[in-house]
Amino acid sequence: MAKIKPQTLLLQSKKKKGPTRISVTTIIMCNLIVVLIVLSLVSTYRHWSQRSRSQVENGLLNHERVDAFSKDLKKYELPGYAILNTSKGLITVELYKDAAPEIVDRFLDLCQKGHFKGMAFHRVIKNYVIQGGDSQTLGSAEDWTLSGKHPSELSLKHEAFMLGTSKLKHDNKGFELFITTAPIPDLNEKLIVFGRVVKGEDVIQEIEEVDTDEHYRPKSPIGIVDVTLKRDL
């Protein structure tokens, strides 16, 4: 086997390539690519973040619109009439949902809970008013009516055959019910009108004719058997 001379080995080693060096241009290009990637990621994050926030805000806005629509729909669907089934016959009342919304809501709620079933008319004053409810206060014709003020003053007059309640604040269980049998302007400061009798005036007049004692209490029990609510007649 032939021997390689030392000079030949030296020449061959010089011909071997040394380690490759990375140019400055390559380093700059790599850094630029990294910066572009980071900026792209930041931009994408901001885009989706804003989009998510916008969707949440739109969702809340749509929820508020749905709630408002539901309230309007609920108000629209409230029963507009109440039929009082009394021991003398039926009395149909149109409810003033726009003029006295809070009172009507409370009246409807009590009707649905059966509050007026078996309620007696405990005071009957001919050519004046018949009264039912939870109050047992008695007195003369001059002082039997309840006094007090209510925050909302209605322009409705207390004509004959109007349904009203006292302007005094009731507790959660009580509710006074009045049906006028004649025009009574002096009750404007004491009653809130929230309905009008549209059928059954003859029944009210029949109730007026019952015998009463000196406190205008009917001598024979008379009152409301139950109440039926209707949206339309």
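Leu-32 counts as partly exposed in this predicted model, because its relative accessibility is 46%. Leu-32 belongs to helix 2, which covers residues 24-77, and together with Val-24, Ile-28 and Met-29 it forms a nonpolar surface patch whose accessible area adds up to about 390 Å².

Strand 4 (residues 129-132) is, by contrast, covered on both faces, with Val-129 and Gln-131 buried on one side and Ile-130 and Gly-132 buried on the other. Strand 3 (residues 121-125) runs antiparallel to strand 4 and is joined to it by four bridges, with Val-124 standing opposite Ile-130. Three residues lie between the two strands of this hairpin, where Asn-127 takes a positive phi near 60 degrees. Strand 4 also pairs in the antiparallel sense with strand 6 (residues 177-180), again over four bridges, and here Gln-131 stands opposite Phe-178.

A search of the whole structure finds four salt bridges, among them the three listed below.

| Salt bridge | Closest N to O distance |
|---|---|
| Arg-196 with Glu-94 | 2.6 Å |
| Asp-109 with Lys-113 | 3.1 Å |
| Glu-209 with Lys-126 | 3.2 Å |

In the salt bridge between Arg-196 and Glu-94, Arg-196 lies in strand 7 (residues 191-199) and Glu-94 in strand 2 (residues 89-95), so the pair ties together parts that are 102 residues apart in sequence. Arg-196 is partly exposed at a relative accessible area of 33%, as is Glu-94 at 21%. In the salt bridge of Glu-209 with Lys-126, Glu-209 sits in the loop between helix 4 and strand 8, and Lys-126 in the loop between strand 3 and strand 4, so parts 83 residues apart in sequence are tied together.

Methods:
Residues are numbered from 1 along each chain as its sequence is written. This is a predicted model: local features need pLDDT of at least 70, side-chain atom pairs count only at pLDDT 80 or more; totals for chains, interfaces and linings use all residues. Side-chain values use heavy atoms; hydrogens and water are left out. Patches are made of residues with over 30% relative accessible area and no salt bridge: like charges are joined within 9 Å, nonpolar side chains (Val, Leu, Ile, Met, Phe, Trp, Tyr) within 5 Å. Accessible areas come from the Shrake-Rupley method with a 1.4 Å probe; for residues, only the protein chains shown count as cover. A salt bridge is a side-chain nitrogen of Lys or Arg within 4 Å of a carboxyl oxygen of Asp or Glu. Buried means under 20% relative accessible area, exposed over 50%, partly exposed in between (1.4 Å probe, protein chains only). Two strands pair if DSSP finds at least two bridges between them.
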